[in-house]
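Thanks for coming. I'll take a few local features, then the sheet, then the helices that pack around it. Please have the structure open on your screens.

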Amino acid sequence: MQAINDRQILIPEFIESKLVQIAVDTTAFCNARCESCIWAYMGTDADIMSLDEFRTILDRFEGFQFSEFAFNVINEPFVDKTICEKIVELAERQVQVASLFFSSNWLLPESGTLAKFVDVIARCDACPTIRAISLNATISGIDGESYDRGQAGSNLNGTIAKYKKLDFKKAVTNICLVLRKLSSLRLTKPLRFSIKAYSDEFDRIQMAKFWDETLLAAGIPADFVRDHVRIVLNHCRITFARFKQSVERQDGKDLVRACTSRFLTDNLVISSRGKLGLCCQDGIRSVVIGSLLQESLMDVVRSEVFQQHLKIATGFQRPVGDHPCLHCEFYVPQSNFGR
């Protein structure tokens with residue numbers, strides 16, 4: 001990272017390298033309210049990024065390569081009726097993507113949508129510039145009761161919306177249907193399908209047993225499961241920026257902190273309104289850095305608000321007040337900073 005001209009504008013690494021990790025949340029809504037999520041059950045006033053707006057976002061990154069291009073890391077992609085068209089747009093432009101990531105809770109799609117989605121994945125597999133595909137299913141339960149608590153949040157109070165029972169059977173059926181259709185493809189690229197749960201009600205052995213039996217009964221080939229399906233329990237469970245920092249000192253001075261997830265340095269999150277957030281936690285909701293629908297990427301990078309938060313994220317400036325970084329487990333001391 002270097003500073004240019006007398007304003008001391010910091011140029012983040014992704015601008016210099018033309019290589020960036022990006023997550024685009026094309027919706028602002030999730031139909032679950034998972035027990036471990038601080039935003040349990042997002043509001044129903046869903047903002048949907050249009051296909052033309054998505055094209056504008058891609059235009060802003062013309063000439064860039066992506067270490068990862070993620071769709072809807074936080075929100076539910078199938079709320080967006082044009083999500084498949086957006087993935088196709090990425091493939092048809094032949095953008096250089098090391099890993100294409102897509103995450104869903106698989107509660108919404110009907111069989112026709114799932115078939116369309118698998119066709120889109122086949123097109124991505126055939127795209128010469130997409131090198132790997134990573135799909136994710138978040139399903140925090142191994143039966144109706146544990147799912148009702150872990151993903152539907154039946155025991156939660158004070159959430160944005162009232163408790164609503166979720167269809168565990170449909171989510172499991174949809175996951176099995178997608179995997180069965182994927183197993184019929186002649187894949188040429190690495191593909192990983194992660195089934196993830198966040199819960200303390202069962203262990204990984206119990207979870208793996210449930211899915212091994214379920215996938216076998218659904219007719220999914222054992223070798224496909226072995227090679228492409230990963231069962232994950234409580235992996236990288238985080239507090240979503242609700243972690244209270246303790247002061248650490250060295251040589252009588254407070255240690256400098258910086259973002260180990262490298263947000264704003266080479267990792268960017270864009271909301272359904274095209275706004276660049278500080279990060280994928282509270283930073284996308286409470287800190288708006290600029291709009292890529294209204295400004296060019298370099299105009300956003302040169303802006304005072306981007307520069308201010310880049311300096312905070314990289315440790316050149318200390319956050320003040322109740323800044324989200326002060327409550328994030330990834331904003332950690334750098335004992336060798338500046339040495």
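L264 sits in the loop between β11, residues 257-259, and β12, residues 267-270. This is a predicted model, so everything I say about L264 and the rest is computed from predicted coordinates. The backbone at L264 has a positive phi of about 75°, although the residue is not a glycine. Is L264 buried or exposed? Its relative accessibility is 0%, and the cut-off for buried is under 20%, so L264 counts as buried.

There is another residue of this kind, K18. It is not a glycine either, and its phi is positive, near 60°. K18 lies in the loop between α1, residues 13-17, and β3, residues 19-24. With a relative accessible area of 38%, K18 is partly exposed. So we have a buried leucine, L264, and a partly exposed lysine, K18.

Both loops lead into strands of the sheet, so let me go there. β3 and β12 are neighbours in an open sheet of 9 strands. Reading across, the order is β8-β7-β6-β5-β4-β3-β12-β13-β14, and the pairing is mixed. Which strands are at the edges? They are β8 and β14, the latter being residues 288-291, and each pairs on one side only. On average, neighbouring strands here are turned by 25° against each other, ignoring direction.

Take the β8 edge. β8 covers residues 229-233, and 4 of its 5 residues are buried, so this edge strand is mostly covered. Its partner is β7, residues 191-197; the two run parallel and are joined by 5 bridges. To find the register on screen, look for F193, which stands opposite V229 in β8.

Now the other edge. β14 pairs with β13, residues 275-277, in the antiparallel sense, over 3 bridges. Here K275 has S291 of β14 as its bridge partner.

On to the helices. Two packed helices are described by the angle between their axes and the distance between the axes.

Start with α4, residues 111-126. This helix lies across β5 (100-104), β6 (133-138) and β7, and runs at about 155° to β6. α4 also meets another helix, α6, residues 168-183: their axes come within 10 Å and cross at roughly 40°. The crossing is right-handed. On the α4 side the contact is made by S111, L114, A115, V118 and I121, and on the α6 side by N174, L177, V178, K181 and L182. By type, that contact has 7 nonpolar residues, 2 polar and 1 charged.

α6 has a further helix contact, with α7, residues 204-217. Those axes also come within 10 Å, and the crossing angle is roughly 60°. That angle makes α6 oblique to α7. This crossing, too, is right-handed. What does α6 use to meet α7? It uses F168, V172, I175, C176 and L179, and they meet F210, W211, T214 and L215 in α7. The residues of this contact divide into 8 nonpolar, 1 polar and no charged.

To put the helices together: α6 crosses α4 at roughly 40° and α7 at roughly 60°. The contact with α4 includes 1 charged residue, and the contact with α7 has none.

That is what I have for today.

Technical notes:
Residues numbered from 1 in each chain as written. Predicted model: local features only at pLDDT ≥ 70, side-chain atom pairs only at ≥ 80, totals over all residues. Heavy atoms only, no water. Axes fitted to C-alpha atoms, helices over the stretch in contact; angles between N-to-C directions. Helix = DSSP H or I, 4+ residues; strand = E, 2+ residues; numbered from the N terminus. Left-handed = near helix turned anticlockwise from the far one by under 90°. Contact = heavy atoms within 4.5 Å. Nonpolar A, V, L, I, M, F, W, Y, C, P; charged D, E, K, R; others polar. Buried < 20%, exposed > 50% of the residue type's maximum accessible area, 1.4 Å probe, protein only. Parallel < 35°, antiparallel > 145°, perpendicular 65-115°, else oblique. Pairing = 2+ DSSP bridges.
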